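Welcome! Let us take a friendly look at the cysteines of a protein model and at what surrounds them.

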Amino acid sequence: MDKPESETPLDISCAQCLDDAFKCITVGYQMSYFYRNGELDRCNGRWTDILRCFRIKAMKEDAAKEYLKGTNIDPEREPHVASVWNLKERPGW
């Protein structure tokens with residue numbers, strides 16, 4: 001049975017949130033972040049994002065959107081300035 005649109009959870013992958021949290025604590029990521037920014041990434045909010053993702057799966061869509069406003073996983077948030085690269089299906093060389 002299909003749920004009405006107001007009752008469907010947002011399409012946010014909790015697995016992606018988990019992957020982002022574990023990627024943040026890897027040595028390679030921290031070295032890259034240090035090279036670009038001159039400091040280590042403290043990974044603020046990554047673990048909280050996982051909990052938020054699990055919580056919104058039990059909420060109605062309008063309540064979930066309100067709950068996620070201003071967070072890292074807000075689907076209506078503008079992309080970060082550094083997110084300028086598009087992945088190609090075929091390399092250009």
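What follows covers the disulfides, the cysteine outside them, and one helix. Please keep in mind that this is a predicted model.

**The disulfides**

How many disulfides does a search of the whole structure find? The search turns up two. The table sets them side by side.

| Pair | Sulfur atoms apart | Torsion about the S-S bond |
|---|---|---|
| C14 and C53 | 2.0 Å | -95 degrees |
| C24 and C43 | 1.7 Å | about -95 degrees |

Let us begin with C14 and C53, whose sulfur atoms are 2.0 Å apart. The link of these two cysteines is left-handed, with -95 degrees about the S-S bond. C14 belongs to helix α1, which covers residues 14-24, while C53 belongs to helix α3, residues 46-56, so this disulfide ties together parts that are 39 residues apart in sequence. As for their surroundings, C14 and C53 are both buried.

Now for C24 and C43, where the sulfur atoms lie 1.7 Å apart. The disulfide is left-handed because its torsion about the S-S bond is about -95 degrees. C24 is in helix α1 and C43 is in the loop between α2 (27-37) and α3, so the pair joins parts that are 19 residues apart in sequence. C24 is buried, with a relative accessible area of 0%. C43 is buried too, and its relative accessible area is 8%.

If you number the bonded cysteines of the protein in sequence order, you get the pairing 1-4, 2-3.

**A cysteine to check**

Why is the sulfur of C17 not bonded to the closest cysteine sulfur, in C53? The two sulfurs are 4.5 Å apart, which is too far for a bond, because a disulfide requires cysteine sulfur atoms within 2.5 Å. C17 is nonetheless buried, at a relative accessible area of 7%.

**The face of helix α3**

C53 brings us back to α3, where D49, I50, C53 and I56 are buried. Where do these buried residues sit when α3 is seen down its axis? They fall within an arc of 135 degrees, so they line one face of the helix. What do the buried residues of α3 pack against? Their partners are α1 and α4, the latter being residues 61-68.

Helix α1 thus appears twice in the story of α3: the disulfide of C14 and C53 ties α1 to α3, and the buried residues of α3 pack against α1 as well as α4.

Methods. Residues are numbered from 1 along each chain as its sequence is written. This is a predicted model: local features need pLDDT of at least 70, side-chain atom pairs count only at pLDDT 80 or more; totals for chains, interfaces and linings use all residues. Side-chain values use heavy atoms; hydrogens and water are left out. Helices (H or I, at least four residues) and strands (E, at least two) are DSSP runs, numbered from the N terminus. Buried means under 20% relative accessible area, exposed over 50%, partly exposed in between (1.4 Å probe, protein chains only). The arc is that of the directions from the helix axis to the C-beta atoms. Contact means heavy atoms within 4.5 Å.
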